[in-house]
Amino acid sequence: MQKTGSFTAKLVLIFIFQLMCVSAFAAESLKVEVQPQNVGVGDTVQINLTVQSTEDFQMNDPQLSEIPGLKYLQGQNAGQSSSTRMNFINGKTDFSKTVQQQYVFQFQALKAGFVTIPAITVEVNGKQIRSAPQKIAVSQKSQARQQPAGRPQYKDDEGDQFQAEDDDMFSQLMRQRQKMLEDVQKQMGQGFGGRGGGGQGAPGGQGNQGGGGFGQQNQIPSRTIEGLNTNEAFFVLLETDKKQVYEGEQITTTWYLYTRGNIESLDRAKFPDLKGFWKEIIEEVPSLQFTEEMVNGVMYRKALLAAHALFPIKPGKTTIDEFKIKAKVRLPTQFGWGSLQEYTKSSKRTEVNVLPLPTEGKPLSFSGAVGQFTIQTQVDGTQFPAGQPIAIKVRLEGQGNAKVIELPEIKWPENLEVYDTKSESKFFKDGLSFKEFEILVIAKNQGEVKIPQINFSYFDPISKQYVTKSTEEFSINITPPVKGSTLAPLKATDKLEAQKAEVEKVFLPITELSSSWMSWTDAKLPVLIILSLAAIITVLGRFFMAFKNLRMSPQLSFKVDTKLKVLEGAVKNKNYRLFGAEAINLLYLVTAHLAQEQSATQDWTALFYKMPENYRQSYEKKLNELFDYFQMVGFAPDSIREQALSRNAPEEMMKEIKATALKIVAELP
């Protein structure tokens with residue numbers, strides 16, 4: 001009797017030996033079938049390609065070349081199949097394995113005559129296999145409606161847009177596949193694997209002009225980019241309108257994303273730092289909107305990433321650094337979308353040459369404005385009572401960065417005293433901006449008062465010269481104080497005293513109780529109850545504050561503390577450029593958290609619209625004041641920066657931003 005274990009071991013050894021023999025003598029073959037052999041102009045020709053081997057194999061998808069007389073429609077990977085058979089014959093074991101890989105290509109006949117299907121070469125496991133050429137006959141009359149012999153005719157089902165003219169399932173699936181590919185091709189502006197005008201594997205093929213595959217109904221823009229590798233899945237392009245500018249002159253920068261495939265996820269891995277520039281956001285898109293553009297003969301989809309207006313703050317060489325994008329992309333192939341791949345690409349760094357502003361002809365009223373501006377004054381009325389505030393508005397607007405403009409020097413008449421000054425500024429997407437100063441003045445005595453002419457100078461980079469513009473002098477009439485008014489004429493020095501009085505009024509201490517107040521004996525129990533409730537409320541308040549601090553993001557607290565240390569070091573070392581730039585970063589950080597955003601990827605003013613109303617009322621005014629100051633210190637030209645530093649000492653502003661930031665951190669949940 002033979003042992004079962006011995007028999008099993010022998011069987012395993014025989015199986016391994018047979019597999020080794022099969023691998024050693026594996027055979028590959030290529031079979032090409034063309035159906036049908038006789039077609040008419042406009043009919044579909046189907047080429048079935050089958051690669052067969054006796055072992056597992058790897059191969060690249062075949063790329064059919066352009067076939068004269070045929071227009072490429074589509075290609076499909078029909079998949080790979082594998083089967084293994086074991087037979088016992090006369091006591092011997094025989095193994096056989098078959099692996100097949102199938103592809104289906106569809107073409108359209110374009111002209112009558114004989115069409116030659118050229119030899120097709122594929123590479124299997126490093127070995128090339130070549131088929132024999134074949135011919136088909138194309139007649140003038142379409143054969144599509146002629147039914148094969150012996151096959152009954154069926155009426156098309158109404159309402160089924162994919163119903164085939166012949167009833168086999170494979171043809172129906174192929175037509176469904178064709179429609180899906182056409183939808184994608186229309187979005188892509190080209191066929192899979194194509195590069196413009198019907199290149200290898202492209203649906204353009206012969207007779208299709210312009211690379212669209214479906215004809216060009218709209219003019220697609222075209223451009224050439226030197227040194228571009230068109231094999232990359234996508235690239236990031238920076239466009240600038242100038243590469244040589246004057247200090248403070250606007251540069252419009254735009255970043256675009258170009259892709260040949262389908263982007264399924266996108267991460268803006270690194271925004272440009274833009275050191276050496278004052279930046280104004282023209283547009284930063286929340287989602288990509290694609291249009292078509294031909295680049296170096298290849299059809300791409302193009303989307304805007306961001307557009308900024310940059311203003312260099314000092315002369316010399318400076319660099320617009322890279323915009324880095326990480327994206328997951330599927331590239332089109334002849335057989336549909338390829339596998340998902342992740343890439344990281346960056347825009348090229350661009351150097352800008354910044355020219356110094358000329359010293360010759362620089363007027364005394366010049367404070368750093370570069371562009372083209374106008375100036376105007378406005379007063380709401382011509383007659384005002386003495387001792388009451390009068391609002392005089394000075395508005396500067398035009399092409400350029402009006403935010404850096406300081407209020408021009410004004411020689412006020414002796415009868416007017418300046419009480420307060422505040423400003424508002426904004427930059428628009430079209431490159432225009434304005435800054436408006438509202439000056440509160442107080443007339444001491446009645447009579448006619450002349451508002452003097454105001455001179456304002458700027459440098460025009462187009463004409464390359466300084467321009468001075470002036471407002472017109474005008475008069476206002478000051479009348480006697482309003483009758484019955486108990487208010488004495490207000491002086492500018494009275495401002496702090498008035499504020500102090502208001503505070504003292506609010507917090508006026510109670511020095512005595514009303515005579516009608518109950519005696520201590522009668523009020524003993526209510527007083528004890530009130531004191532107990534106050535103690536409980538205090539304890540609960542402390543508990544909830546501690547709970548809020550526990551919930552507070554330690555990451556935010558750490559980031560704020562780190563930035564405050566950097567700011568303190570910058571003030572100590574008198575590195576005021578760093579002081580201003582890092583302060584702006586800190587303000588963006590805390591303001592974004594107030595707006596319930598994890599990062600400040602939006603425009604500064606947009607953050608306040610997303611902020612809860614209680615935070616907005618508490619912090620908007622203060623944050624804007626700090627932002628204006630530190631923007632001047634960090635990014636304005638030297639002359640304007642010095643004016644800002646002289647008005648507010650950096651040490652005092654350090655205390656203000658520290659107090660504000662820590663207060664926000666403590667209040668945030």
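The paragraphs below move from the chain as a whole to helix α6, its two helix partners and the nonpolar core.

The model is a predicted one, and its chain carries ten helices and 30 strands. Of the 669 residues in the chain, 38% are buried. Among contacts between residues at least 6 apart in sequence, 70% join residues that lie at least 24 apart.

A useful place to begin is the largest nonpolar core, which has 51 residues, and within which Val560, Phe579, Leu586 and Phe630 touch the most other members. At least two residues of this core come from each of the strands β15 (277-284) and β17 (298-312), and likewise from each of the helices α5 (554-572), α6, α7 (604-609), α8, α9 (638-647) and α10 (650-667). The element that gives the most is α6, with eleven residues. In soluble globular proteins, nonpolar side chains tend to be buried together.

How α6 sits against other helices is the next matter. Two packed helices are described by the angle between their axes and the distance between the axes. Helix α6, residues 576-594, packs against helix α8, residues 613-635, at an angle of about 155°, and the two axes are 8 Å apart. Because angles over 145 degrees count as roughly antiparallel, α6 is roughly antiparallel to α8. The crossing of α6 past α8 is left-handed. On the α6 side the contact includes Tyr576, Arg577, Phe579, Gly580, Ala583 and Leu587, while on the α8 side the residues include Tyr615, Tyr619, Leu623, Phe627, Phe630 and Gln631. Sorted by class, this contact of α6 with α8 comprises 17 nonpolar, four polar and one charged residues.

The packing of α6 with α10 has its own geometry, with an angle of about 20° and axes 10 Å apart. Since angles under 35 degrees count as roughly parallel, α6 runs roughly parallel to α10. This crossing of α6 and α10, too, is left-handed. Here Tyr576, Phe579, Ala583, Leu586, Leu587, Val590 and Leu594 of α6 meet Pro650, Met654, Ile657, Ala661 and Ile664 of α10. The contact of α6 with α10 consists of twelve nonpolar residues, with no polar and no charged ones.

Phe579 links these parts of the picture: this residue of α6 takes part in the contact with α8, meets α10 as well, and is listed among the core residues that touch the most other members. Leu586, another of those core residues, is one of the α6 residues that meet α10, and Phe630, also named in the core, belongs to the α8 side of the contact with α6.

Notes. Residues numbered from 1 in each chain as written. Predicted model: local features only at pLDDT ≥ 70, side-chain atom pairs only at ≥ 80, totals over all residues. Heavy atoms only, no water. Axes fitted to C-alpha atoms, helices over the stretch in contact; angles between N-to-C directions. Helix = DSSP H or I, 4+ residues; strand = E, 2+ residues; numbered from the N terminus. Parallel < 35°, antiparallel > 145°, perpendicular 65-115°, else oblique. Left-handed = near helix turned anticlockwise from the far one by under 90°. Contact = heavy atoms within 4.5 Å. Nonpolar A, V, L, I, M, F, W, Y, C, P; charged D, E, K, R; others polar. Core = buried A, V, L, I, M, F, W, Y, C linked by side-chain atoms within 4.5 Å. Buried < 20%, exposed > 50% of the residue type's maximum accessible area, 1.4 Å probe, protein only.
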